Amino acid sequence: QVQLVESGGGLVQAGGSLRLSCAASASIFGIMGWYREAPGKQRELVAVITTGAITDYADSVKGRCTISRDNAKNTVYLQMNSLKPEDTAVYYCKINGISLPYLGMAYWGKGTLVTVSS
């Protein structure tokens with residue numbers, strides 16, 4: 001089965017940077033994205049990137065985060081700069097397949113914790 005494994009989370013001081021990675025166990029043609037879930041809050045979209053490298057970001061991270069992908073490595077990245085304590089959350093990777101054999105399929109990683117201290 002398809003597995004997505006996130007890495008790169010950890011503890012960082014406010015104003016610092018982190019680079020998250022998400023590697024898929026298969027080559028999936030689809031839309032990839034990062035979501036986050038803060039304590040006591042709903043999971044929310046952080047950033048998405050299409051197969052054509054078109055990106056979109058949540059207003060809360062726009063200008064501070066950059067999503068990118070390396071199709072050869074089946075990997076999506078999230079570069080986060082100028083981190084704030086409110087960015088603290090578990091970050092999840094997701095991919096939505098848009099072609100066979102993965103058409104209509106959605107896959108989630110297990111998450112990586114980002115903690116931003118003040």
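These exercises work through a predicted model.

**Exercise 1. Find the disulfide**

Task: Which cysteines does a disulfide join, and how many disulfides does the count come to?

Solution:
- Step 1. Apply the cut-off: two cysteine sulfur atoms must lie within 2.5 Å.
- Step 2. Test Cys22 and Cys93. Their S to S distance is 2.1 Å, and a disulfide joins them.
- Step 3. Test Cys65. The closest cysteine sulfur, in Cys93, is 14 Å from the sulfur of Cys65, so this is too far for a bond.
- Step 4. Count. The result is one disulfide.

**Exercise 2. Place the disulfide**

Task: Which strands hold Cys22 and Cys93, and is the disulfide left-handed or right-handed?

Solution:
- Step 1. Recall the bond type: a disulfide covalently links the sulfur atoms of two cysteines.
- Step 2. Read the torsion about the S-S bond of Cys22 and Cys93. It is about -80°, so the disulfide is left-handed.
- Step 3. Locate the ends. Cys22 sits in strand β3 (residues 18-24) and Cys93 in strand β9 (residues 89-97), so the pair ties together parts 71 residues apart in sequence.

**Exercise 3. Buried or exposed?**

Task: Are Cys22, Cys93 and Cys65 buried or exposed?

Solution:
- Step 1. Set the limit: buried means under 20% relative accessible area.
- Step 2. Take Cys22. Its relative accessibility is 0%, so Cys22 is buried.
- Step 3. Take Cys93. Its value is 0%, so Cys93 is buried.
- Step 4. Take Cys65. Its value is 7%, so Cys65 is buried.

**Exercise 4. Order the sheet**

Task: In what order do the four strands of the open sheet run, and which are the edge strands?

Solution:
- Step 1. Write the order: β1-β3-β8-β7, with antiparallel pairing.
- Step 2. Look for strands that pair on one side only. These edge strands are β1 (4-7) and β7 (65-70).
- Step 3. Check the angle. Neighbouring strands of this sheet are turned by 15° against each other on average, direction ignored.
- Step 4. Zoom in on β1 and β3. They pair in the antiparallel sense over four bridges. Leu4 has Ala24, in β3, as its bridge partner.

**Exercise 5. Describe Thr112**

Task: Where does Thr112 lie, and which backbone nitrogen does its side chain reach?

Solution:
- Step 1. Find the strand. Thr112 lies in β11 (residues 112-117).
- Step 2. Judge the burial. The relative accessible area of Thr112 is 10%, so Thr112 is buried.
- Step 3. Follow the side chain. It reaches the backbone nitrogen of Gly9 at 3.2 Å.
- Step 4. Name contacts beyond four places in sequence. Among them are Glu6, Leu20 and Tyr91.

How values were computed:
Residues are numbered from 1 along each chain as its sequence is written. This is a predicted model: local features need pLDDT of at least 70, side-chain atom pairs count only at pLDDT 80 or more; totals for chains, interfaces and linings use all residues. Side-chain values use heavy atoms; hydrogens and water are left out. Helices (H or I, at least four residues) and strands (E, at least two) are DSSP runs, numbered from the N terminus. Buried means under 20% relative accessible area, exposed over 50%, partly exposed in between (1.4 Å probe, protein chains only). A polar contact is a pair of N or O atoms within 3.5 Å; within protein, one must be able to donate a hydrogen and the other to accept it, and residues adjacent in sequence count only if both atoms are side-chain atoms. Contact means heavy atoms within 4.5 Å. Two strands pair if DSSP finds at least two bridges between them. Axes are lines fitted to C-alpha atoms, for helices over the stretch in contact, and angles run from 0 to 180 degrees between N-to-C directions.
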